[in-house]
Amino acid sequence: MNLNFAGRTAFVTGAANGIGLSICRALARRGTNIALADIEDEPLERARSELSETGVKVASFVVDVTDAATFEEIAGEIDRRMGPIHFLFNNAGVALKTAPVWELKPSDWDWVLGVNVLGVVNGLRAFVPGMIRHGEGGHIVNTASIGGLQVNPAVRNGSYAASKYAVVALSESLVFDLEGTGIGVSLLCPGVVATTLERSSERRPDRLGGPSASSSGLSDRFKRAAMSPDLVGERILDAMLANEFFVFTHEDGQGRIIERHERILAGFHACRNYIRDRAQAK
């Protein structure tokens with residue numbers, strides 16, 4: 001797939017810091033105009049100011065990604081101000097502090113699933129019809145996590161993993177839905193990256209439970225090994241050019257994914273034996 005970044009427009013959620021801001025920086029270096037979205041207005045303004053100095057067109061929007069109606073309004077405004085969207089980055093994400101899943105309140109689930117899953121759905125609903133309609137191709141990147149493919153026993157953040165597993169399924173389905181449109185799909189599954197994800201509970205909206213103390217459940221050892229988000233920004237754009245679907249940033253989760261698939265295959269093996277034994281018993 002031939003992608004041309006220069007002169008085209010991207011929409012990025014969670015763009016005020018971390019991986020989102022690093023994606024924006026990488027896009028700006030390639031001459032892409034950028035519409036930034038984030039829930040925090042002051043960091044968003046700082047990001048907009050920084051990126052404006054690169055010479056590309058930049059617009060910023062304070063957005064709660066759980067708000068579908070606002071997404072649709074923004075899509076129309078971006079199209080009028082900056083032209084059609086070619087690149088969509090559904091990147092915004094949050095994490096609750098580590099806790100057994102039965103201890104989480106309904107408002108906790110509303111928040112983590114609302115941002116991590118419905119935030120992606122809202123982005124797709126708002127922008128994909130226009131991307132198909134202009135017929136010029138493009139690319140969609142959904143940010144999941146290595147935790148969307150396996151559960152790390154050292155972290156055990158089940159709510160986060162559950163939400164990211166959902167993003168994986170959405171993205172795999174999206175590939176089939178977009179066949180023949182010229183729009184590619186990539187699924188970003190980063191390992192530990194030096195972002196503000198562990199502080200996301202501090203910016204939780206009141207209607208979804210309000211701010212609280214944050215904790216990612218990550219040990220200091222994990223934090224010391226965290227990758228720079230700027231490396232991730234470059235990684236994802238290079239992966240888009242190569243039309244990679246699964247985009248990883250670390251190799252250290254591979255073993256747990258293999259173990260998980262071995263457990264899945266063991267389940268099929270047990271099923272086959274059960275069916276055989278039942279047939280023989282008749």
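User: In this predicted model, what share of the 282 residues in the chain is buried, and what makes a residue count as buried?

Analyst: Buried residues account for 47% of the 282 residues. A residue is called buried because its relative accessible area is under 20%.

User: How many helices and strands does the chain have, and why is it called as compact as a globular protein of that length?

Analyst: The secondary structure amounts to eight helices and seven strands. The radius of gyration is 20 Å and the globule rule gives 19 Å for 282 residues; the two are close, so the chain is as compact as a globular protein of that length.

User: How do you know that strands E2 and E3 pair?

Analyst: Pairing needs at least two bridges. Five bridges join E2 (residues 33-38) to E3 (residues 58-62), so the two strands pair. They run parallel, and Ala35 stands opposite Ala59 in E3.

User: Which helix joins E2 and E3 in a β-α-β unit, and what is the hand of the unit?

Analyst: Helix H2 (residues 41-52) makes the unit with E2 and E3, and the unit is right-handed.

User: What makes the largest nonpolar core a core, and which residues have the most contacts inside it?

Analyst: Its 43 residues form a core because they are buried nonpolar residues joined through side-chain atoms within 4.5 Å. Those with the most contacts inside the core are Phe11, Ile78, Leu88, Phe127 and Ile140. H4 gives the largest share, nine residues.

User: Which residues does Ile78 touch, leaving out those up to four places away in sequence?

Analyst: Ile78 touches Thr9, Phe11, Ala35, Phe61, Gly83, Ile85 and Phe127.

Note on methods: Residues are numbered from 1 along each chain as its sequence is written. This is a predicted model: local features need pLDDT of at least 70, side-chain atom pairs count only at pLDDT 80 or more; totals for chains, interfaces and linings use all residues. Side-chain values use heavy atoms; hydrogens and water are left out. Helices (H or I, at least four residues) and strands (E, at least two) are DSSP runs, numbered from the N terminus. A crossover is right-handed if, with the strands pointing away from the viewer, the path from the first strand over the helix to the second runs clockwise. The radius of gyration is taken over C-alpha atoms; the globule rule is 2.2 Å times the number of residues to the power 0.38. Buried means under 20% relative accessible area, exposed over 50%, partly exposed in between (1.4 Å probe, protein chains only). Contact means heavy atoms within 4.5 Å.
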